[in-house]
Amino acid sequence: MSQQSPRTEHIAARAYQLYLERGRTDGHDVDDWLQAEYELIQLPVRKLAEIDPPSVARGRHKSKSIVDLVRTALY
């Protein structure tokens with residue numbers, strides 16, 4: 001399973017949104033770009049954290065699922 005990088009158009013749109021949210025203050029274009037890129041890369045991880053972890057059959061040792069690990073890392 002490979003994770004694709006966010007598309008330039010998506011990063012640009014989110015960066016522009018951040019610019020508008022800040023009240024159109026100039027001079028933060030690189031910060032907005034990096035923030036947008038970070039958010040879009042983290043989005044799949046956050047979606048994974050919202051998934052219910054798989055159930056474990058009785059009598060089996062409960063190991064942490066990837067969902068549990070992601071939740072622990074994020075929160």
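Two rings of Phe, Tyr or Trp (for Trp, the six-membered ring) count as a pair if their centres lie within 6.5 Å, and a pair is called tilted when its planes are neither under 30 degrees apart (stacked) nor over 60 (edge-to-face). The legends below describe close-up views of a predicted model.

**View A. The aromatic pair of helix H1, Tyr16 and Tyr19.** By this rule the count comes to one aromatic pair. Tyr16 and Tyr19 form this pair, with a centre-to-centre distance of 5.8 Å and an angle of 35° between the planes. The arrangement is therefore classed as tilted, since 35° is not under 30 degrees and not over 60. Both residues belong to helix H1 (residues 8-21), where they are three residues apart, about one turn of the helix. Tyr16 is partly exposed, at 44% relative accessibility, and Tyr19 is likewise partly exposed, at 22%.

**View B. The surroundings of Asp32 in helix H2.** Asp32 has a relative accessibility of 7% and therefore counts as buried, the cut-off being under 20%. When neighbours within four places in sequence are left aside, the contacts of Asp32 are Ala15, Leu18, Tyr19 and Arg22. One of these contacts, Tyr19, is also a member of the aromatic pair shown in View A.

**View C. A nonpolar surface patch formed by Val30, Trp33 and Leu34.** Together, the three residues present about 280 Å² of accessible area. Trp33 is located in helix H2, which spans residues 29-49. The relative accessible area of Trp33 is 31%, so the residue is classed as partly exposed; this value also lies over the 30% required of patch members.

Conventions: Residues numbered from 1 in each chain as written. Predicted model: local features only at pLDDT ≥ 70, side-chain atom pairs only at ≥ 80, totals over all residues. Heavy atoms only, no water. Patch = residues over 30% accessible without salt bridge, like charges linked within 9 Å, V, L, I, M, F, W, Y side chains within 5 Å. Areas by Shrake-Rupley, 256 points an atom, 1.4 Å probe, with all protein chains shown as cover. Salt bridge = Lys/Arg side-chain N within 4 Å of Asp/Glu carboxyl O. Helix = DSSP H or I, 4+ residues; strand = E, 2+ residues; numbered from the N terminus. Buried < 20%, exposed > 50% of the residue type's maximum accessible area, 1.4 Å probe, protein only. Contact = heavy atoms within 4.5 Å.
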